[in-house]
Amino acid sequence: HLDYGPRYRDRLSEQLHAEVEKCDSPQSFFLLHSLGGGTGSGMGTYILGLMRDEFPDLYRFSTAVFPSSDLDDVHVSPYNSILALSELAENADCVLPVDNQALTHIVERIDAVRGGGGGDG
């Protein structure tokens with residue numbers, strides 16, 4: 001958030017403007033990111049702030065996947081999540097939290113209904 005975001009701000013801003021210009025009447029942004037690792041919690045929240053700065057009249061929705069203590073292999077993910085929460089509170093108009101463990105259970109149930117193939121199918 002404090003390193004890569006500012007370093008790539010101009011490029012990120014250009015990409016953001018390019019995508020918005022493709023829209024006839026943009027109303028909002030919908031950001032989907034994880035909070036456990038550094039990219040989603042750091043760069044994701046930086047982009048959310050950039051959206052607020054560059055397009056203050058557009059709504060910002062964030063679907064944030066929170067780490068699970070059972071599945072998480074990143075030791076600093078609780079720390080990343082707490083830091084990201086303050087950014088979400090400041091920059092998002094709406095946060096839709098998703099628990100990674102619950103998401104895993106949903107995928108497992110869908111996989112079981114499909115026959116457990118887990119392939120392309």
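In strand β2, the residue that forms a bridge with H33 is A64, and L31 has S62 of β2 as its bridge partner. These bridges belong to a predicted model, in which local features need a pLDDT of at least 70 and side-chain atom pairs count only at pLDDT 80 or more, whereas totals for chains, interfaces and linings use all residues. Residues are numbered from 1 along each chain as its sequence is written, and side-chain values use heavy atoms, with hydrogens and water left out.

Strand β1 and strand β2 (residues 59-66) pair in the parallel sense over seven bridges; two strands pair if DSSP finds at least two bridges between them. Helices (H or I, at least four residues) and strands (E, at least two) are DSSP runs, numbered from the N terminus. The wider setting is an open sheet of three strands in the order β1-β2-β3, with parallel pairing. Its edges are formed by β1 (28-34) and β3 (94-99), each of which pairs on one side only. On average, neighbouring strands of this sheet are turned by 15 degrees against each other, direction ignored. Here, axes are lines fitted to C-alpha atoms, for helices over the stretch in contact, and angles run from 0 to 180 degrees between N-to-C directions.

A look along β1 shows alternating side chains: F29, L31 and H33 point to one face and are buried, while S28, F30, L32 and S34 point to the other face and are not buried. Buried means under 20% relative accessible area, exposed means over 50%, and partly exposed lies in between (1.4 Å probe, protein chains only). Across the protein, 31% of the 121 residues are buried.

Two helices can be placed against these strands. Helix α3 (residues 38-54) lies across β1 and β2 and runs at about 170 degrees to β1. Helix α5 (residues 100-113) lies across β2 and β3, at about 60 degrees to β3. In total, the protein has five helices and three strands, and from the N terminus on its elements follow the pattern α-α-β-α-β-α-β-α. Contact means heavy atoms within 4.5 Å; of the contacts with a separation of 6 or more, 83% join residues 24 or more positions apart.

Next come the cysteines. The structure holds zero disulfides, a disulfide being a pair of cysteine sulfur atoms within 2.5 Å. The sulfur of C23 forms no such bond because the closest cysteine sulfur, in C94, is 19 Å away, which is too far. C23 counts as partly exposed because its relative accessibility is 41%. With a relative accessibility of 26%, C94 also counts as partly exposed.

Helix α1 includes R7, a residue that is partly exposed, with a relative accessible area of 48%. R7 and Q101 are 94 residues apart along the chain, and their C-alpha atoms are separated by 33 Å. For the protein as a whole, the C-alpha atoms fill a box of roughly 45 × 35 × 25 Å, taken along the principal axes.

Finally, how confident is the prediction? The mean pLDDT of the protein is 89, and 92% of its residues reach 70 or more, where pLDDT is the predictor's confidence in each residue, from 0 to 100. Confidence is lowest in helix α1 (residues 4-7), with a mean of 85, and highest in helix α2 (residues 9-21), at 96.
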